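User: I would like to learn how to read a structure like this one, feature by feature. Please show me the idea each time and then the case at hand.

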Amino acid sequence: MPAYKAIILFALLIAFHPLKAQQSIQFIPMFGTEKWHPDSSYINYAGEYLQINKCLFYTTNWKAVIPNPKKNMQSDTITISDAHYLIDLNDPNSLKLPFTIPANCTQLIFTVGVDSIKNTTGIQTGVLDPAKGMFWTWRTGYIMARMQGSSPVANTAGKRFSYDVGGFESPYNAVRTISLILPQKAAAGKNAKSTRFIQTDLSVWFKGKHSISIALTPDCHNAGKLAMQLADNYQQMFQIESN
């Protein structure tokens with residue numbers, strides 16, 4: 001077959017069988033309604049002034065819920081990625097995930113933390129390498145999420161506060177599942193956005209399901225009640241940007 005005919009045939013195949021639209025996922029660091037910056041000062045729910053200069057967390061088990069026309073529009077849940085990703089809010093390159101989701105996705109599900117298998121199967125590599133500084137010991141496992149900063153109300157050296165949230169065994173399992181409903185106004189078609197932004201509100205660490213005061217509890221470095229409260233809080237810090 002002549003080359004020009006092959007090109008025409010390929011173009012016709014694309015026209016009649018268009019690729020399904022895909023969207024990338026990117027985290028947007030926030031503090032309340034403001035864009036977060038490590039050099040900026042904020043006020044939490046308790047009126048405590050603070051500066052957050054570091055925040056990291058692991059994510060894994062990404063799934064997308066999509067409608068299935070063959071099942072009377074019932075939904076299917078598909079696995080997008082079961083790899084672990086280390087999100088460092090100071091590193092723009094880590095905020096955009098290396099996969100896409102279908103543009104007609106109606107719900108996004110993922111977990112924050114490191115699953116129990118990775119916590120108990122020896123030395124890991126890549127983002128789970130202990131050299132990343134997000135690992136406690138072989139008994140206590142990985143740090144699921146970390147926040148560090150300073151506040152004049154912290155009764156610590158240098159007025160520092162530091163929250164390392166970990167634990168993978170009951171009753172102190174810090175892994176949390178996140179489920180986000182995606183707005184559908186421009187989910188598909190020509191107006192589909194190329195990126196879905198997940199607003200990540202750091203103020204929720206202090207006021208979510210529980211109230212956490214820096215003056216009362218400036219440190220968390222063990223699995224336990226405070227780590228569970230912090231995990232319950234930051235489970236609520238994610239929201240799909242609607243605009």
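**Reading burial and contacts**

Analyst: Ser 94 is buried, with a relative accessible area of 12%. That is a suitable start, because buried means under 20%. Keep in mind that this is a predicted model.

User: Where does Ser 94 lie?

Analyst: In helix H2, which covers residues 92–95.

User: Which residues does Ser 94 touch, leaving out those up to four places away in sequence?

Analyst: Ser 94 touches Leu 86, Ile 87 and Asp 88. One of these, Asp 88, also has its backbone nitrogen 2.9 Å from a polar atom of the Ser 94 side chain.

User: What part of the protein counts as buried?

Analyst: Of the 243 residues, 44% do. The accessible surface comes to about 12,900 Å², and carbon and sulfur atoms hold 54% of it.

**Reading a strand and a helix**

User: How many helices and strands are there in the protein?

Analyst: The protein has 4 helices and 16 strands. For a strand, check which way each side chain points, then look for the bridge partners.

User: Which side chains of strand S13 point to one face and are buried, and which point to the other?

Analyst: Strand S13 spans residues 176–181, and its side chains alternate. Arg 176, Ile 178 and Leu 180 point to one face and are buried. Thr 177, Ser 179 and Ile 181 point to the other face and are not buried.

User: How many bridges join strand S8 to S13?

Analyst: There are 6, and the two strands run antiparallel. Strand S8 is made of residues 107–112. To place one residue against another, take Ile 109: its bridge partner in S13 is Ser 179.

User: How many residues of helix H4 are buried?

Analyst: In H4, residues 225–234, 9 of the 10 are buried, so the helix is largely enclosed by the rest of the structure. Among the buried residues are Leu 226, Met 228, Leu 230 and Tyr 234, and the polar Gln 229, Asp 232 and Asn 233 are on the list as well.

**Reading salt bridges**

User: How many salt bridges does a search of the whole structure find?

Analyst: It finds 2. For each one, ask where the partners sit and how far apart they are in sequence.

User: Which residue meets Asp 232 in a salt bridge?

Analyst: Arg 176, at 3.0 Å from N to O. The pair links distant parts of the chain, since Asp 232 is in helix H4 and Arg 176 in strand S13, 56 residues apart. Asp 232 is buried at 15% relative accessible area, and Arg 176 is buried at 11%.

User: Which residue meets Arg 146 in a salt bridge?

Analyst: The side chain of Arg 146 meets that of Asp 164, with 2.9 Å from N to O. Arg 146 belongs to strand S9 and Asp 164 to strand S10, so the pair ties together parts 18 residues apart in sequence. Arg 146 is buried, with a relative accessible area of 12%, and Asp 164 is buried at 5%.

User: What share of contacts between residues at least 6 apart in sequence join residues at least 24 apart?

Analyst: In this protein, 70% of them do. For a single pair by C-alpha distance, take Ile 117 and Phe 168: they are 51 residues apart along the chain, and their C-alpha atoms are separated by 9.7 Å. Ile 117 is in helix H3, residues 116–120, and counts as exposed at 57% relative accessibility.

**Reading the backbone**

User: What should I look for in the backbone angles?

Analyst: Look for exceptions, because most residues other than glycine have a negative phi, and most peptide bonds are trans. Asn 61 has a positive phi of about 55° although it is not a glycine. Asn 61 is found in strand S4, residues 49–68, and is partly exposed at 25%.

User: Where does Lys 159 lie?

Analyst: Lys 159 is in the loop between strand S9 and strand S10. Its phi, near 55°, is positive in a residue other than glycine. Lys 159 counts as partly exposed, at 40% relative accessibility.

User: Which residues does a cis peptide bond join?

Analyst: Ser 170 and Pro 171, with omega about 10°. Pro 171 is placed in the loop between strand S11 and strand S12.

Technical notes:
Residues are numbered from 1 along each chain as its sequence is written. This is a predicted model: local features need pLDDT of at least 70, side-chain atom pairs count only at pLDDT 80 or more; totals for chains, interfaces and linings use all residues. Side-chain values use heavy atoms; hydrogens and water are left out. Buried means under 20% relative accessible area, exposed over 50%, partly exposed in between (1.4 Å probe, protein chains only). Two strands pair if DSSP finds at least two bridges between them. A polar contact is a pair of N or O atoms within 3.5 Å; within protein, one must be able to donate a hydrogen and the other to accept it, and residues adjacent in sequence count only if both atoms are side-chain atoms. Contact means heavy atoms within 4.5 Å. A salt bridge is a side-chain nitrogen of Lys or Arg within 4 Å of a carboxyl oxygen of Asp or Glu. Accessible areas come from the Shrake-Rupley method with a 1.4 Å probe; for residues, only the protein chains shown count as cover.
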